[in-house]
Amino acid sequence: MSVPGAGVPKVGSPEMGSPELDSLGAGIHVAVQEAPFDTASEIARLSALSDRTGGVGLFFGQVRGGNGLVSLTLEHYPGMTEKILHALAHEAVQRFGLLGCTLIHRVGTLRVGEAIVFVGASAAHRGAALDATAFLIDRLKTGAPFWKKEEFADGHASWVAAREEDEHAARAWSQDTPPPA
Amino acid sequence: MAVDGTRPYGAYPPGSETEQVGIMTSTVTILYFAALREQIGRESQVATLPAGGMTVTALLAQLGQQDPRVAGAFAAEPRLRVAINQTLGGLEQIVRPGDEVAVFPPMTGG
């Protein structure tokens, strides 16, 4: 169902544009997939990117239970999703001076407790790593074409409504300076 | 207006159907996602455009006039989002023949 990387310029390819972007793209990893991911190996990749890496910021999102929720089904827009995630990753690398970052987002049906998203940012210092991680997850939630549907034990299902606070968090990063922590 | 209900969920390789449609120079492919896709009852359709194209607003009005389910789904979502050729766009943007236009509710990833 997912088409990771299809239709998206490969990092480091001539389509990607300037040599500067190519060098920045070297530390970027983006994937949209049904399969689970291995958090330890993703952290290891970010940790090993450079001798200058001083830390890795991390957000790991999973299906939250409650009110009889059994599972979430994540739908996305193949092609556009990968484009948006690559653009977001490049923006984070440039804005926070990252050594690299990783965005992995799962799609399909995921049960309570299963992993949904991995956001990791590798930087020389913790400030950039943590700020970039918050930037990436805040912008991903409302700016990448994913939609969640909730399925409950009693059989009913409903699409998750966008939350105003999520839109606000994403907008706060559009200013030149990051919002106060 | 032809209707394409054959695409399996999520299996929309970028460029493939778009390129085929692009050969028919007076048409535009419309994709629906999430709640809109369910309410309308299909994932995509092909619409005919005037040679010079039309605004997103005019295109959405035309689609609604042709199908009450489309009109109902659009009316039920006050915050419709539109992407043209996989880039988020505004309602006054011009849609041209061969474009891929996606219509969907606000995104809820993460």
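B:Q86 sits in the loop that links strand 5 (81-84) and strand 6 (87-89) of chain B, helices (H or I, at least four residues) and strands (E, at least two) being DSSP runs numbered from the N terminus. The model is a predicted one, with local features needing pLDDT of at least 70 and side-chain atom pairs counting only at pLDDT 80 or more, while totals for chains, interfaces and linings use all residues. Residues are numbered from 1 along each chain as its sequence is written, chains are lettered from A and ligands numbered from 1 in the order in which they are written, and side-chain values use heavy atoms, with hydrogens and water left out.

Back to the loop: B:Q86 is not a glycine, yet its phi is positive, near 70°. At 11% relative accessibility, B:Q86 is buried (buried is under 20% relative accessible area, exposed over 50%, partly exposed in between; 1.4 Å probe, protein chains only). Chain A offers a counterpart in A:N67, again a non-glycine residue with a positive phi, here about 55°. A:N67 belongs to the loop between strand 2 (55-62) and strand 3 (69-76) of chain A, but it is exposed, with a relative accessible area of 79%.

As for the chains themselves, chain B has four helices and eight strands, laid out from the N terminus as β-α-β-α-β-β-α-α-β-β-β-β. Of its 110 residues, 52% are buried. Taking contacts (heavy atoms within 4.5 Å) in chain B between residues at least 6 apart in sequence, 61% join residues at least 24 apart. Chain A contains five helices and eight strands, in the order α-β-α-β-β-α-β-β-β-α-β-β-α from the N terminus. Buried residues account for 47% of its 181 residues, and 76% of the chain A contacts with a separation of 6 or more are between residues 24 or more positions apart. Exposed area (Shrake-Rupley method, 1.4 Å probe; for residues, only the protein chains shown count as cover) comes to about 8400 Å² for chain A, with 53% supplied by carbon and sulfur atoms. For chain B the figure is about 4800 Å², with 59% from carbon and sulfur.

In chain B, helix 3 (residues 56-66) packs on helix 4 (residues 68-76) at an angle of about 130°, the axes being 5 Å apart. Axes here are lines fitted to C-alpha atoms, for helices over the stretch in contact, and angles run from 0 to 180 degrees between N-to-C directions. That angle makes the two helices oblique to each other (under 35 degrees is roughly parallel, over 145 roughly antiparallel, 65 to 115 roughly perpendicular, the rest oblique). On the helix 3 side the contact uses B:L60, B:L63, B:G64 and B:Q66, which meet B:P68, B:V70, B:A71 and B:F74 of helix 4.

The largest nonpolar core (buried Ala, Val, Leu, Ile, Met, Phe, Trp, Tyr and Cys residues joined through side-chain atoms within 4.5 Å) holds 33 residues, and A:L85, A:L98, A:L103 and A:L136 touch the most other members. Elements giving two or more residues to this core include helix 3 (80-96), strand 4 (100-106) and helix 4 (126-143) of chain A. Leaving out residues up to four places away in sequence, A:L98 touches A:A92, A:V93, A:A121, A:S122, A:A123, A:A128 and A:A132. A separate core of 20 residues includes B:I30, B:M54, B:L60 and B:I84.

Finally, helix 5 (residues 164-172) of chain A has A:D166, A:E167, A:A170 and A:A172 buried. Their cover includes helix 4 of chain A along with strand 5 of chain B.
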